[in-house]
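Trainee: Got a minute to go through this model with me? I'd like to start with single residues and then move out to whole chains.

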Amino acid sequence: MNVHNTDAGAALTVRGMSVAYGDKPALSSVDAIFKQGRMSAVVGPNGAGKSTMLKAAMGIIPAISGEALFFGRPLAEARSRVAYVPQRASVDWDFPATVIDVVMMGLYRSLGPFRLIGRSQREFALDCLEDVDMASLANRQIGQLSGGQQQRVFIARALAQKADLLMLDEPFAGVDAATEKTIITLLKKLVAEGGTAVAVHHDLSTVTAYFEDVLILNVRRIANGTVAKAFTDANLAEAYGGRLTQATPVLQKTV
Amino acid sequence: MIDATAFVNALTFNAGYNTAIVAIGAVLLGWAGGTVGTFLLLRQRSLVSDALSHATLPGVGIAFLVMAWFGGSGRFLPGLLIGAAISAMLGLASVEWLTRRTRLQSDAAIGAVLSSFFGLGVVLLTVIQSLGIGRQAGIGSFLLGSTSGMLRNEAITLAVLALGVAFLVFVLRRQLTLVCFDETFARTSGIDIRRTDLLLMLLVMAVTVTGLRVVGLILVVALLIIPPVAARFWTDKTNTMVVVSGFVGAVSGFIGTALSASVPNFPAGPVIVLVAACLFVFSLLFAPARGVFYGLYRSRAFSRKVHRRQGLLAILRGEAIYDRDTIKVLKGEGYINADATPTKTGLDAAENAAREEALWTIYLRDNPDAAYRAARMRLDPIAERLTTGEIAELEKQFSGPAAALPVQ
């Protein structure tokens, strides 16, 4: 049925994706493959289009051309298998909602407009919070949380969607060390159980420790593959303009 | 002045058939406005309703002229409301177009559309009044509303509207909440943002157009904005806010009509809005958690906590305490005796305070960027602020309460 046999085993395939804001190009014909059962990072300098690629793939912003296939199908046919975790700063945290309310939002799609939230849904949401060590703060207003705690609420909401693929936009930006550890441990566990994670990541020093595959991006694709093969000094120099050729080995040593 | 018997009669539906009809209509309208207004506020579109209501006026004028032209009575209400709805839609579309296609910010676009449509409407009404056709008397009441002579049919219209709004809000509540809180996430959940916004605007328009007759187009926006901002003071949950806001709107409608029935020449619409404003001010001042007075109480409570923590640490270090406020707080809690020697509870509390202080110090060492927040949080019991896992992590690094004592 699917003629693109090379895509078999891909959780997300991006083909010829071009995006522009007005007449300013943000992504130029990017091809990338993110394999199932792997942890993948999207890295690149500021303004390289990392978040843009994720958003365009998820249909949040329109692409000029190109397409994104999830498990070999367009998003509309695979929506329930994909969960998106937006940047923490993208919402107003003064919104009238408690921690568990936000996690429940992950269930809205499967509940539809009429089914009411019962005890089993509540317990499931608490389980999701337990996975990110947030169950004890379930009834707090979300504005009272620390940055790391807010990020973990977002992850719990994605868990509630029971998706096979997690798309995370800067999950480690501005979070404390304990949160980073909790999230990465959880993601690794999900991936070990057959899940897939694709994360926009800005900290080059942790790429090798956290991820198996990588896409290096700077408006166009620089490299895409396993960390061992693609995350090379030459590729990084191409993406970051040589500024990091010195810094990278030093950073890697400190891990 | 206010006629107390008439007021009580109006509140108990004993002031006659017409007053009862008006009261029921106003309650339903207030409730619908408060309910829909909540999502409008959370979507940060409250002002759009202002543009929408002002944009109804030219529609009313044109509908009147058209109906009079065809020989009918220009005052046929459903016809006027349809005209109002059409021109409101045009106004809304203009605001949308201006914000999307030009560099105008939405506040500027709303201002421009609001004043242009309203200006056109006023010109049309003036022309109509000079023409002397089609029984135009009373058409000016769309500006400030008029409940006198409200008919049973109109109350039924309001009831149908309220039921329709209730049903639609119930069906759309999750979708609206998602779009208001997190638009990107909503989109990835397969929700059509534009369609949701359109449905919300449809609800707003339904409330506005039916509210024209009761409170008038200048003030109908108050019924969409004031109840939800009042409700926001009372709750941190969206669903509760919808209910409280509807309640505030309904109570305003009820008390407002009762007042206007018991005081001669008290116009119902503006009085309803004033009652809502009073409820808002009351909420602003007295609501727990977010109200002004609670805020004052909280800052007092905070300084008490500071004295308590300082005093306890002093007890643990065996230092003499001179600060009178600190002594007062410690005595009040039973931590020290009259001669300033610590009690048994005082010593236990001091031990505990030192432990929490030490844990917070470790937390801050790990999270230097949390310093500002932590200065406030560290005086609360740590279990209320951090998760069990976070505390366990801190306790691993904890070497005993001595860590809180200064190095000698």
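**Residues first, then chains**

Mentor: Start with A:Met58, which is buried because its relative accessibility is 1%, under the 20% cut-off. Keep in mind that this is a predicted model.

Trainee: Where is A:Met58 in chain A?

Mentor: A:Met58 sits in the loop between α1 (50-57) and β4 (65-70) of chain A.

Trainee: And what does A:Met58 touch, not counting residues up to four places away in sequence?

Mentor: In chain A, the partners of A:Met58 are A:Phe70, A:Leu75, A:Val82, A:Tyr84 and A:Met167, and in chain B there is B:Thr188; residues up to four places away in sequence are not counted.

Trainee: How many residues apart in sequence are A:Met58 and A:Met167?

Mentor: They are 109 residues apart in sequence, with 8.8 Å between their C-alpha atoms.

Trainee: What about the helix before that loop, how many residues of α1(A) are buried?

Mentor: 7 of its 8 residues are buried, which leaves α1(A) mostly covered. The buried ones are A:Lys50, A:Ser51, A:Thr52, A:Met53, A:Leu54, A:Ala56 and A:Ala57. After α1(A) comes A:Gly59, with a positive phi near 75 degrees.

Trainee: Which residues other than glycine have a positive phi?

Mentor: A:Glu170 is one of them, with phi near 50 degrees. Another is A:Val219, where phi is near 65 degrees.

Trainee: Where do I find A:Glu170, and is A:Glu170 buried or exposed?

Mentor: A:Glu170 belongs to the loop between β7 (165-168) and α7 (177-192) of chain A. Its relative accessibility is 16%, so A:Glu170 counts as buried.

Trainee: What about A:Val219, where is that one?

Mentor: A:Val219 is in the loop between β9 (213-218) and β10 (220-226) of chain A. A:Val219 counts as partly exposed because its relative accessible area is 24%.

Trainee: I also marked A:Ala234. Buried or exposed?

Mentor: Exposed, because A:Ala234 has 56% relative accessibility. A:Ala234 is part of helix α10 (residues 233-240) of chain A. From A:Ala234 to A:Gly195 there are 39 residues in sequence and 31 Å in space, C-alpha to C-alpha.

Trainee: Changing topic: what is chain A like overall, how many helices and strands?

Mentor: Chain A has 11 helices and 10 strands. Its radius of gyration is 18 Å, close to the 18 Å that the globule rule gives for 255 residues, so chain A is as compact as a globular protein of that length. The C-alpha atoms of chain A fill a box of roughly 55 × 50 × 40 Å along the principal axes.

Trainee: How many of the residues of chain A count as buried?

Mentor: 55% of the 255 residues. The accessible surface of chain A is about 10800 Å², and carbon and sulfur atoms account for 51% of it.

Trainee: And the charges in chain A?

Mentor: Chain A carries 26 positive and 24 negative side chains, and the centres of the two sets are 2 Å apart.

Trainee: Over to chain B. How many helices and strands there?

Mentor: Chain B has 19 helices and 0 strands. The radius of gyration of chain B is 29 Å, where a compact globule of 408 residues would have one near 22 Å. Along the principal axes, the C-alpha trace of chain B spans about 100 × 55 × 35 Å.

Trainee: What does the domain assignment of chain B give?

Mentor: It gives domain 1 (4-287) and domain 2 (293-399). The centres of these two domains of chain B, taken over C-alpha atoms, are separated by 51 Å.

Trainee: And burial and surface in chain B?

Mentor: Of the 408 residues of chain B, 48% are buried. Chain B exposes about 19600 Å², with carbon and sulfur atoms supplying 65% of that.

Trainee: Charges in chain B?

Mentor: There are 35 positive and 26 negative side chains in chain B, with the centres of the two sets 7 Å apart.

Trainee: Last bit: which helix holds B:Ser245, and what is B:Ser245 in contact with?

Mentor: B:Ser245 is in helix α12 (residues 238-262) of chain B. B:Ser245 is buried because its relative accessibility is 0%. Leaving aside neighbours within four places in sequence, its contacts are B:Gly34, B:Thr35, B:Thr38, B:Pro227, B:Pro228 and B:Ala231.

Trainee: And B:His54, where is that?

Mentor: B:His54 is in helix α3 (residues 46-54) of chain B. With a relative accessible area of 9%, B:His54 is buried. Not counting residues up to four places away in sequence, B:His54 touches B:Leu114, B:Phe117, B:Phe118, B:Leu217 and B:Ile218.

How values were computed. Residues numbered from 1 in each chain as written. Chains lettered and ligands numbered in written order. Predicted model: local features only at pLDDT ≥ 70, side-chain atom pairs only at ≥ 80, totals over all residues. Heavy atoms only, no water. Helix = DSSP H or I, 4+ residues; strand = E, 2+ residues; numbered from the N terminus. Rg over C-alpha atoms; globule rule 2.2 N^0.38 Å. Buried < 20%, exposed > 50% of the residue type's maximum accessible area, 1.4 Å probe, protein only. Areas by Shrake-Rupley, 256 points an atom, 1.4 Å probe, with all protein chains shown as cover. Lys, Arg positive; Asp, Glu negative; His and termini not counted. Charge placed at Lys NZ, Arg CZ, Asp CG, Glu CD. Contact = heavy atoms within 4.5 Å. Domains from an automatic or database assignment.
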